[in-house]
Amino acid sequence: MQTWDMDLPELQEPETQTGEKLKSELLTVNMGPQHPATHGVLRVEIKTDSEIVAKAIPHIGYLHRCMEKHCEAIDYRGVIPFVDRLDYLAAMSQELTYSMAVEKMLGTEVPRRAVVIRTIVSELQRIASHLMAFGTYALDLGAFSPFLYAFDEREKILRLFEELSGARLLYNYFWIGGVWNDITDTQIDFVENFLDGFEKELVKYDKLVSQNRIFQERTMHVGTLSLEDAHSFGATGPVLRGSGQAWDLRKVNPYLCYDELDFEVPVGEGQRGSTVGDCYNRYYVRMLEMVESVKLVRQSIKLLEPGPIIGKVSKVIKLPKGEIYMRTECPRGELGVHLVSTGEKTPYRVKIKSPCFTHTSILPHIAPGQMIADFVASIGSIDIVLGEVDR
Amino acid sequence: MNEERLTFFGYFRNIYTAVKSSAIGMWITFRYVWGKKPVTIEYPEVREVLPENTRSRLYNDVLNCISCNMCAISCPVDCIYISSVPRPKDLDIPKCDDGTPKRQVLTQYVIDTALCCYCGLCTTVCPTECLTHTEDYEFSQYEVEDMKYDYLTDDLIAWRDRLVKA
């Protein structure tokens, strides 16, 4: 047996760790940029106290493509494919805002048929965009099948857009002065058939997701944004309406032919026992908006009358000196285009006010005190698209 | 928050509503077993029929091109490289299929397909409609350089019979 000759150091008893001496600090967790729950390439730096978020800082810029600077180098028609790439889930709405800004500055009169086609198409785009928001939101909260059902319906709209414009996602369909291709009678029949089927689908979504107790528990009283805060953050669209204010540019400041159409502005009123301004209200406003969009498309199909689809625009577009700010109600909120012209062939400046950028700034406000899983629900309920945040 | 205090009966009522609403959802999902056709397309065997005006790979029919430069001017990403020289005066001026005289000799017509954004602006300004979007969507390459199509080569002119509708 081996023995130790040398002097052993005196052993000390370890310090007993009491609660007062324990060090505690916040843990930093990076959520993203490749996290599926962040809807794109958003990185959120979260300081967590165990499971509870103490602070959340969104880091943006991973999808920055110098959009606005690019627009200064190309002619007015060439900008339209670029603005498509802002909010790639609702490209038609972006084209609409930009082309309306240029038309107003040029003084071009858009033919009646083109205006009605624009209304139909942008409302269908709103449905497609909200379906995506609905599907991915359910996916974030752990339900997979609503995502598939939503995509099944969205596919039909995309197929119609493909027949109209030739592309599935980045359409370049709204031109300055009108639209590219005319809508045929078979396509209108297709739209009507789609709407009939879609109303039944909406009832199904309501039973499957909105009335589901587990879904309600996950979203109700979570991420509450009061109306006062919504105003101070400059929130628009479903986020503002979810907080309880009926503000919709289609009603307040009508463009296209919305003033002739009969529709309501859905508002979050704390439906089914939720708090006004929570995730459930923001989600539910979107579901109600889809119902309104179905009504709008039905009414505007009746307004269709034969005629030209593109107004008189010169081959080389030169805007007069000046500037303009045009805003429309996009599926995600209020999109603004500030166009400055010095009388050249190219715009001097195209500034885009994006709703998603504004809504990203809400995240640090509603995050503290939430569980991490609830924070995922909060991100999903504001429904941001990073292409529009970074531009 | 402003949630009510959980009572004894509330506890069981919550369980009941959760089970009931989940069962409704399960039933909706279960009904997809019957009467729903699968929407997935088995891609390499079955191909989707694309609409007529699908915007996919560009093809320029150089025999009908009058070298007017309109496509290169309208391109927002500058992916069309076109150059031409004036035709010598002592030669006959050939004509396109639609009768437009070709006053220029096309010396280069290259499209960088990797740079193209498929917006369709170049095809709408083409006066002889020789530049068109085809319905080809399978053209991946190993090298980026291979995506540059020189439409003056014989290989690509031979596509004319396949792609251009008579």
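## Questions on a predicted two-chain model

User: In this predicted model, is Asn69(B) buried, partly exposed or exposed?

Analyst: Asn69(B) has 13 C-beta neighbours inside 10 Å, and a residue is called exposed at 12 or fewer and buried at 20 or more. The residue sits in the loop between β1 (58-60) and α2 (70-74) of chain B. Because its count falls between those two cut-offs, Asn69(B) counts as partly exposed.

User: What is the phi of Asn69(B), and which value does Asp78(B) take?

Analyst: Most residues other than glycine have a negative phi. Asn69(B) departs from this with a positive phi of about 75 degrees, and Asp78(B), which lies in the loop between α2 and β2 of chain B, also has a positive phi although it is a residue other than glycine. Asp78(B) counts as partly exposed, with 13 C-beta neighbours inside 10 Å. The values asked for are about 75 degrees for Asn69(B) and near 55 degrees for Asp78(B).

User: Which element of chain B has the lowest mean pLDDT?

Analyst: Chain B has a mean pLDDT of 83, and 95% of its residues reach 70 or more. Among its elements, strand β2 (residues 80-86) has the highest mean, 88, while the lowest, 68, belongs to another element. Where pLDDT is low, the predicted coordinates should not be read in detail. The element with the lowest mean is helix α5 (residues 160-163) of chain B.

User: Which element gives the largest share of the side of chain B that touches chain A?

Analyst: The predictor gives the complex an ipTM of 0.82 and a pTM of 0.86, and the contact takes 24 residues from chain B and 22 residues from chain A. On the side of chain B, these residues divide into 11 nonpolar, 11 polar and two charged. The largest share, eight residues, comes from helix α1 (residues 8-30) of chain B.

User: How are helix α4 (residues 112-140) of chain A and α11(A) oriented, roughly parallel or roughly antiparallel?

Analyst: The axes of the two helices lie 9 Å apart, at an angle of about 155 degrees, and angles over 145 degrees count as roughly antiparallel. The crossing of α4(A) and α11(A) is left-handed, and by class their contact has 13 nonpolar, four polar and four charged residues. The angle therefore makes α4(A), relative to α11(A), roughly antiparallel.

User: Why does Arg286(A) count as buried?

Analyst: Arg286(A) is placed in helix α11 (residues 279-302) of chain A, where it touches His130(A), Ala133(A), Phe134(A) and Pro238(A), leaving aside residues up to four places away in sequence. Arg286(A) and Pro266(A) are 20 residues apart in sequence, with their C-alpha atoms 8.4 Å apart in space. The class buried needs 20 or more other C-beta atoms within 10 Å, and Arg286(A) counts as buried because the number of other C-beta atoms within that distance is 25.

User: How many residues of helix α14 (residues 372-382) of chain A are buried?

Analyst: Across chain A, buried residues make up 48% of the 391 residues. In α14(A), the buried residues include Asp374(A), Phe375(A) and Val376(A), and just after this helix Asp383(A) takes a positive phi of about 60 degrees. Helix α14(A) is largely enclosed by the rest of the structure, because the buried residues among its 11 number nine.

Key
Residues numbered from 1 in each chain as written. Chains lettered and ligands numbered in written order. Predicted model: local features only at pLDDT ≥ 70, side-chain atom pairs only at ≥ 80, totals over all residues. pLDDT = per-residue confidence, 0-100. Helix = DSSP H or I, 4+ residues; strand = E, 2+ residues; numbered from the N terminus. Contact = placed C-beta atoms within 7 Å. Nonpolar A, V, L, I, M, F, W, Y, C, P; charged D, E, K, R; others polar. Axes fitted to C-alpha atoms, helices over the stretch in contact; angles between N-to-C directions. Parallel < 35°, antiparallel > 145°, perpendicular 65-115°, else oblique. Left-handed = near helix turned anticlockwise from the far one by under 90°.
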